[in-house]
Amino acid sequence: MTTARAHTNIALIKYWGKRDAALMLPYTSSVSLTLADFYTDTTVVFDPALPADTFTLADQVRPTTKVTPFLDLVRAQAGLTTRARVRSVNHVPTAAGLASSASAYAALALAASRAAGLTLDAQALSRLARRGSGSATRSLFGGLSVWHRGHDDATSFAEALPATTLPLRMVVVLVNAGPKPVSSRALMANTVATSPYYPAWVTHNEAAAAAMIQALAANDFPAIGHLTEQSAMQMHAAIMAADPAFTYFEPETLTVWQTVQALRAQGVPAYATMDAGPNVKILTLAPHVDAVQAALLPRFAGRLMTTAPGPAAHILEDQ
Ligand code: DP6
């Protein structure tokens, strides 16, 4: 029985689109920040008495439609046929665009591989997590990480980037904590298939990933923030231009973006990003968290969460 914890991550340079849906190979590299306060704990036990895999999320029985194919990958690597009991608890608002699938599959990859008797290195774990959810590839690592798009299963993995000396903070604004109206996986595929802006997104985003790695190495916060906003907005532009047209933006999403722009005009270093949902995440530096929160408080009291870079995925219990 093994319990693992993995923290979620927010992409500064986004992943949006698979060039191989079976192997989960992305069109572009992406760069992310793993967060301290949002994580998933997952316990896996392989039990010869079980006729089938079982899965509970927060003690509720859930379908194993996604879990079983993932466990099959682990079983194939370990030479096992035994079924498993999987218990997960999300300390992330599920399906609220806070990328809970990232922490979920990173925790499952670590717990299941260890429970199956495998000792995978970080790269192998990252490749395994990728098969569950693209963003999970990056959640094995603490702080900043890059997912290299690679060209095949062996070369598409994430790795940690050198730590920055910047005191990065992320203020999460919950515009709408409900489940997302459209799954990111389906929308991602439709963006690739139908958005005339998609090829431009690929070109720009791959260049932005390289530029972001340089900006991080230089501790150049204005460049980091600028690239972060560009990647998010360009992803959402490609989504809006798909057929059928769609957007995750809600009226309050735009209110937050405008507040961030106003803060910058006043000299506060703050930059917005958003994922497959209406919530906005604001990248700033520790000394400016109070100013960011103060600007948002009148409208978003009780809906603000501030977090710092979080640790790598780790084992909590192994017996
Ligand atoms: C907008 O990783 O949830 O959060 O690979 O289909 O499981 P699948 O998608 P997922 O998509 C994440 C998209 C994003 C950007 C990002 O995290 O890079």
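**Group meeting: a hairpin, two pockets and a core**

Let me start with a strand pair: β11 and β12 (residues 280-285) run antiparallel and are joined by four bridges. Before going on, note that this is a predicted model. The two strands make a hairpin, with six residues between them. One pairing to look at is tyrosine 271, whose bridge partner in β12 is leucine 283.

Now the faces of β11, which covers residues 270-273. In a regular strand, side chains alternate between the two faces of the sheet. Are the two faces of β11 covered or open? Both are covered: Ala270 and Ala272 are buried on one side, and Tyr271 and Thr273 are buried on the other.

Next, the pockets. The largest pocket holds about 1100 Å³ of space. It is lined by 42 residues, and those closest to its centre are Lys66, Ser100, Ser101, Tyr105 and Ser133. Which elements give two or more residues to this lining? They are the strands β1 (2-13), β4 (30-46), β5 (54-57) and β7 (84-91), together with the helices α2 (100-115) and α4 (184-194). The largest share, five residues, is from α2. By residue class, the lining of the largest pocket has 18 nonpolar, 16 polar and eight charged members.

Where does the largest pocket lie with respect to the domains? Domain 1 (2-164) and domain 2 (168-307) both contribute lining residues, so the largest pocket lies between them.

The second largest pocket has a volume of about 170 Å³. Its lining includes Lys18, Ala21, Ala22, Met24, Pro69, Phe70, Leu73 and Arg185. Lys66 and Tyr105 also line the second largest pocket, and both are among the residues closest to the centre of the largest one. Helices α1 (67-78) and α3 (122-132) each supply at least two residues here, and α1 has the largest share, with three. The lining of this second pocket divides into seven nonpolar, one polar and four charged residues.

Methionine 24, one of those lining residues, also stands out in its backbone. Although methionine 24 is not a glycine, its phi is positive, at about 60°. Methionine 24 sits in the loop between β2 (18-20) and β3 (25-26). Is methionine 24 buried or exposed? Its relative accessibility is 4%, and the cut-off for buried is under 20%, so methionine 24 counts as buried.

Asparagine 219 is another non-glycine with a positive phi, in this case about 50°. Its place is the loop between α5 (198-217) and α6. Asparagine 219 has 27% relative accessibility and therefore counts as partly exposed.

Staying with the backbone, there is a cis peptide bond between aspartate 243 and proline 244, with omega at about 5°. Proline 244 belongs to the loop that runs between α6 (221-240) and α7 (251-265).

Last, the core. In soluble globular proteins, nonpolar side chains tend to be buried together. Here the largest nonpolar core has 63 residues, and the members that touch the most others are Trp16, Val256 and Ile282. Helix α2 gives the most to this core, eight residues. The core draws on each of domain 1 and domain 2 for at least three residues.

To close on one element: α2 gives the largest share of the lining of the largest pocket, and α2 also gives the most residues to the largest nonpolar core.

Notes: Residues numbered from 1 in each chain as written. Predicted model: local features only at pLDDT ≥ 70, side-chain atom pairs only at ≥ 80, totals over all residues. Heavy atoms only, no water. Buried < 20%, exposed > 50% of the residue type's maximum accessible area, 1.4 Å probe, protein only. Pairing = 2+ DSSP bridges. 1 Å grid on protein atoms, 1.4 Å probe; cavity = no way out; pocket = protein on both sides within 12 Å on 5 of 7 lines; lining within 4 Å. Points joined across faces, edges and corners; volume = space filled by probe spheres on them. Nonpolar A, V, L, I, M, F, W, Y, C, P; charged D, E, K, R; others polar. Domains from an automatic or database assignment. Core = buried A, V, L, I, M, F, W, Y, C linked by side-chain atoms within 4.5 Å.
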